[in-house]
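Q: I am new to this structure and would like a close look at a single part of it. Please keep the sentences short.

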Amino acid sequence: MGFNSNAVDELTKKLEDALILGKFQESKSVGGGCTHPHSDTGNAADNSVAVVPASGGDHESAQEEFSDVESFSSSSGEDSDDDITMYRGPPPPLTVYRPFLPEGTKSLFPSEVLSLDAIADMIKSGTARNIIVMAGAGISTDAGIPDFRSPETGLYDNLQSYKLPYPEAIFSIDYFRKQPKPFYVLAKELYPGQFVPTKSHFFVKLLEKKGLLRRHYTQNIDCLERVAGIDPGLIVEAHGSFHTAHCIGRKCLKEYSQAWVKEKIFQDEIPRCSVCNSLVKPDITFFGEGLPPRFFELLENDFGSCDLLVVMGTSLLVQPFASLINDVADSVPRLLINRVRVGEASAPGTGFDFDGKHVGHTHRDALVLGDCDAACVLLAERLGWTDELAELRNAFLEETNSLGQDQ
Ligand code: OAD
Ligand code: ZN
């Protein structure tokens, strides 16, 4: 698929060792809570993973009118195709919008400033200090890991050789029980330890360092948050992780270590349970499985106390994760950073409302279109954190003896 980077071989080895040896702190709660109680029903349980947009549709209404736009790149990226299902080509230039709101709309953001600046002001003034980040595959594409749904480059457009009945089958529990091989082949290719965290990961780490990160909810299974050094207690791996593994035998569920499973995967063997001979699967959440208990344990308190929501690099098409954007209070500002517009409301209270179409209360949604890394760098600049962000990343690269310091 052409996304394995040979340039980071040396680093790879070190990261891998560090991950396996537990140099990076392990999350006890994640380790203890990945038994997927609903996984043996064979049917999608209430809270099992499913592909449904956050807003019940209306994502195609991409090109909206904004009264003011500020672009931060002279890149001539073609932006004619940017509806969510059709976006192709180079990343769009980073664009921060100042929406033109319907008359009489009460906005959280002063009309004379860009919404990103307003958000930076909230952070600087201490108004936002319980920040939740919700992340998806888009925060890791700059590390060389493909996302899932981007046309041509996304994983689901590149699985032809696996001969799947449909692309998502590779992460479907029912298909896996019958045909486990494709998943293990892919797992070997994407196995954590081969990639370096992006600036977006370090931006989240910086939020933690400043004591502003309430929680980082990620759908990613690449472990790059942990690799970037974010406290595992502040991470919710909503779709699980490779950190632990279990036998999927319905009456067995024996736990296996990451190291044991990894060895099997890298020897091209299918890991099987020593007790019941069922398949042993890393605790990443498949379609048809329930999310880790930790997700449900934390979300009510977290989203109830959140005072700024930052959503980065996700299509918001997979439930129940996508709906979390509606779980913060009506007055809480929400910032989306993504290459394309996603998660927009088809009715009041069902998603983002960047244009104030459904404002029933205060308009509070901000949008930065473009790359997560570029947006994080810009936000860091607005916050006066540029040097700290660079230092965090460089310290990491030095520690892992990387050659290329700052691509
Ligand atoms: P998707 O591939 O569905 O969406 C990634 C989004 O990020 C898209 O809207 C891209 O345009 C955008 N994007 C890509 N690179 C970007 C970048 N550098 N900067 C900004 N935006 C970028 O990935 P997820 O939303 O994470 O679940 O997918 C959700 C779940 O679907 C995954 O966790 C996985 C998958 O099937 C399971 O396997 C259970
Ligand atoms: Zn077993």
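Which residue in β12 is the bridge partner of Met312? Please start there, look closely at the strand β10, and then show what lies around it.

A: The bridge partner of Met312 in β12 is Ile337. Keep in mind that this is a predicted model.

Start with the strand itself. β10 covers residues 308–312. On one side, β10 pairs with β12, which spans residues 334–338. The two strands run in the parallel sense, and four bridges hold the pairing. Another partner of β10 is β4, made of residues 131–135. Five bridges join β4 and β10, and this pairing is parallel too. One of the matched positions is Ile131, whose bridge partner in β10 is Leu308.

Next comes burial. In a regular strand, side chains alternate between the two faces of the sheet. β10 has both of its faces covered. Leu308, Val310 and Met312 are buried on one side. Leu309 and Val311 are buried on the other. That makes five of five residues buried, so β10 is largely enclosed by the rest of the structure. The cut-off for buried is under 20% relative accessible area.

What does the neighbourhood include? One element that β10 helps to cover is helix α6. This helix runs from 199 to 209. Nine of its eleven residues are buried, so α6 is also largely enclosed by the rest of the structure. The buried residues are Ser200, His201, Phe202, Phe203, Val204, Lys205, Leu206, Leu207 and Glu208. Lys205 and Glu208 are in that list alongside Phe202 and Phe203. The cover over them includes the strands β4, β5 and β10. It also includes the helices α7, α10 and α11. After α6 comes Gly211, with a positive phi near 75°.

Two of these covering elements deserve a stop. The first is α11, residues 386–399, which holds Phe396. Phe396 has a relative accessible area of 7%, so it is buried. Its C-alpha atom is 9.4 Å from that of Val196, although the two residues are 200 apart along the chain. The second stop is the loop between β5 and α7, where Cys223 sits. Cys223 is not a glycine, yet its phi is positive, near 65°. At 1% relative accessibility, Cys223 is buried.

Now go back to β12, the partner of β10. The loop that leads from β11 to β12 contains Pro320. The peptide bond between Gln319 and Pro320 is cis, with omega about 5°.

Elsewhere in the chain there is an open sheet of three strands. The order is β8-β7-β9, with antiparallel pairing. β8 (255–257) and β9 (280–284) are the edge strands, each pairing on one side only. From one strand to the next, the twist averages 45°. β7 covers residues 240–247 and is joined to β9 by four bridges. At one of them, Gly240 in β7 has Ile284 in β9 as its bridge partner. Two helices lie against these strands. Helix α8, residues 258–266, packs on the sheet and touches β7, β8 and β9. Its direction makes about 70° with that of β8. Helix α5, residues 181–190, lies across β7 and β9, at about 55° to β9. The loop between α8 and β9 holds Asn277. Asn277 has a positive phi of about 65° without being a glycine. With 47% relative accessibility, Asn277 is partly exposed.

Empty space is worth a look too. There are five cavities of 30 Å³ or more. The largest has about 140 Å³ of space. Its lining includes Ala137, Ile145, Pro146, Phe148, Leu155 and Phe171. Leu190, Asn220, Ile221, Asp222 and Phe242 belong to the lining as well. By type, the lining has nine nonpolar residues, one polar and one charged.

Last, step back to the whole chain. There are eleven helices and 13 strands. Of the 407 residues, 57% are buried. Among contacts with a separation of 6 or more, 73% join residues 24 or more positions apart. β10 shows burial at close range, with five of its five residues buried.

Definitions and conventions
Residues numbered from 1 in each chain as written. Chains lettered and ligands numbered in written order. Predicted model: local features only at pLDDT ≥ 70, side-chain atom pairs only at ≥ 80, totals over all residues. Heavy atoms only, no water. 1 Å grid on protein atoms, 1.4 Å probe; cavity = no way out; pocket = protein on both sides within 12 Å on 5 of 7 lines; lining within 4 Å. Points joined across faces, edges and corners; volume = space filled by probe spheres on them. Nonpolar A, V, L, I, M, F, W, Y, C, P; charged D, E, K, R; others polar. Pairing = 2+ DSSP bridges. Axes fitted to C-alpha atoms, helices over the stretch in contact; angles between N-to-C directions. Contact = heavy atoms within 4.5 Å. Buried < 20%, exposed > 50% of the residue type's maximum accessible area, 1.4 Å probe, protein only.
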